[in-house]
Amino acid sequence: MVIMNDLQPQCTKLSVVQGLEKGFLGGPFQKQFKLDNGVVVSISQAGKREIELTSNAPMTNAELIFIFQDIEKLLMLFDGRFYAIEKLTVSNDNAEPVYILDDYNKKRLNYFSSNDFCHYSWLKLISFQDVLTNDLYKNWLALIDDLDIVFQVFLYALSDNKMTVDLNFAFLVELAEPLVELIKERTYYCQSLTPGKRGTPLKMCIDNLIVLYGADIFAKELEYNYTLFLERAVKSRVRIMHIKKNQENFFDGRECIKYSLKFSLLYRKILLSLIGISEQQYKANVQNATKKTDEWGMSEVNP
């Protein structure tokens, strides 16, 4: 029998089943690759998504779960959202699988529950079976190590965290500064910028990210009064620093959702680029997601 003790290496397999509350995931898709530590990752999808981690040496529950979560975060970049876990088991060669979902859910962080506005299927940019390899996974681990808490803030801002959309959007806007730092560190872009210091305001950081990576996502904004858009994005961030009478020219709630979707697309595109996935592999999907977001933004304003 598998003893439920995270401190003792005793499991050789972790199996996860994820799905939609309503509807089915696409497929059939399948991918398998081996990590440097010997763990074999198998992902299959046909209505449900099944992720299986198999080790040739016993590991703790926590070790296997940490690997699963890192993979799950990478899949979120592809899909634009997390999926609910319907089944979670651990086992070894000499025991029947043990169901641990209830215990795991007590510890699962809230950012793994995506906000409703992230649930649109058209937010998916790329299929995991087309790009997922051990080398990509290693690039991903290095990137999230560099990002540290920045990536957690990104996930929380897009999660069902019970905070208002304008507050979540303020955090998304603020992430433009550390992302400029990251791009400056890893590429030859943004070398003249010094986020957080005089001479490089938040507005300049947002502008550089859009010009470098998001001209397709913010095409309408670039065409129609781009300066005003940048000002309103910044004002939506600094709004939490002032009392009501000193707030002006910020995005309303519906606009905050629309631009949360657009900033999410922008940031996902940046991160995909930094781990080595060519834009050509998902360019058409970015354009489609942008079109759908713009249509959504106008659907109740001009019915």
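Which residue is the bridge partner of Thr89 in β5? It is Tyr99, and the close-up views below start from that part of this predicted model.

**View 1. Strands β4 and β5 meet at one end of an open sheet.** Strand β4, residues 84-91, runs antiparallel to β5, and two bridges join them. Look for Thr89 with its bridge partner Tyr99 in β5, and for Val90, which stands opposite Val98 in β5. The chain passes from β4 to β5 through a hairpin of six residues.

**View 2. The five-stranded sheet and the helix that packs on it.** Reading across the open sheet gives the order β2-β3-β1-β4-β5, and the pairing is antiparallel. Both β2 (25-34) and β5 (98-99) are edge strands with a single partner strand each, so one side of each has no neighbour in the sheet. Helix α1, residues 61-79, packs on this sheet and touches β1 (11-19), β3 (40-59) and β4. The direction of α1 makes about 145 degrees with that of β3.

**View 3. Strand β1 alongside β4.** Here the pairing is again antiparallel, and β1 and β4 share seven bridges. One place to rest your eye is Leu14, which stands opposite Val90 in β4. You have met Val90 already: on the β5 side, Val90 stands opposite Val98. In a regular strand, side chains alternate between the two faces of the sheet.

**View 4. Two loop residues with positive phi.** Cys190 is not a glycine, yet its phi is positive at about 60 degrees. You will find Cys190 in the loop between α7 (176-186) and α8 (202-213). Is Cys190 buried or exposed? Its relative accessibility is 8%, so Cys190 counts as buried. Asn225 is another residue other than glycine with a positive phi, near 55 degrees. Asn225 belongs to the loop between α9 (219-223) and α10 (226-238).

**View 5. Phe218 and Phe229, a tilted pair.** The whole structure holds 19 aromatic pairs. In the one formed by Phe218 and Phe229, the centres are 5.4 Å apart and the planes make 40 degrees, a tilted arrangement. This pair links distant parts of the chain, with Phe218 in the loop between α8 and α9 and Phe229 in helix α10, 11 residues apart. Both rings belong to buried residues.

**View 6. Phe263 and Tyr267, an edge-to-face pair.** These two rings have centres 5.8 Å apart and planes at 75 degrees, so the pair counts as edge-to-face. Phe263 and Tyr267 are four residues apart in helix α11 (residues 253-274), which means that about one helical turn separates them. Phe263 and Tyr267 are both buried.

**View 7. The aromatic cluster, and a charge over a ring.** Ring pairs connect a cluster whose members include Trp140, Phe151, Phe154, Phe169, Tyr226, Phe251 and Tyr259. Phe218 and Phe229 from View 5 belong to this cluster, and so do Phe263 and Tyr267 from View 6. For a ring with a charge above, turn to Trp296: the charged end of Arg254 sits over its ring, 4.0 Å from the centre.

**View 8. Confidence along the chain.** The average pLDDT of the protein is 91, and 93% of the residues score at least 70. Residues 242-246 fall below 50, and this stretch has one contact in the model beyond near neighbours in sequence.

Definitions and conventions:
Residues numbered from 1 in each chain as written. Predicted model: local features only at pLDDT ≥ 70, side-chain atom pairs only at ≥ 80, totals over all residues. Heavy atoms only, no water. Pairing = 2+ DSSP bridges. Contact = heavy atoms within 4.5 Å. Axes fitted to C-alpha atoms, helices over the stretch in contact; angles between N-to-C directions. pLDDT = per-residue confidence, 0-100. Buried < 20%, exposed > 50% of the residue type's maximum accessible area, 1.4 Å probe, protein only. Phe/Tyr/Trp six-rings, centres within 6.5 Å; stacked < 30°, edge-to-face > 60°. Lys NZ or Arg CZ within 6 Å of the ring centre and 35° of its normal.
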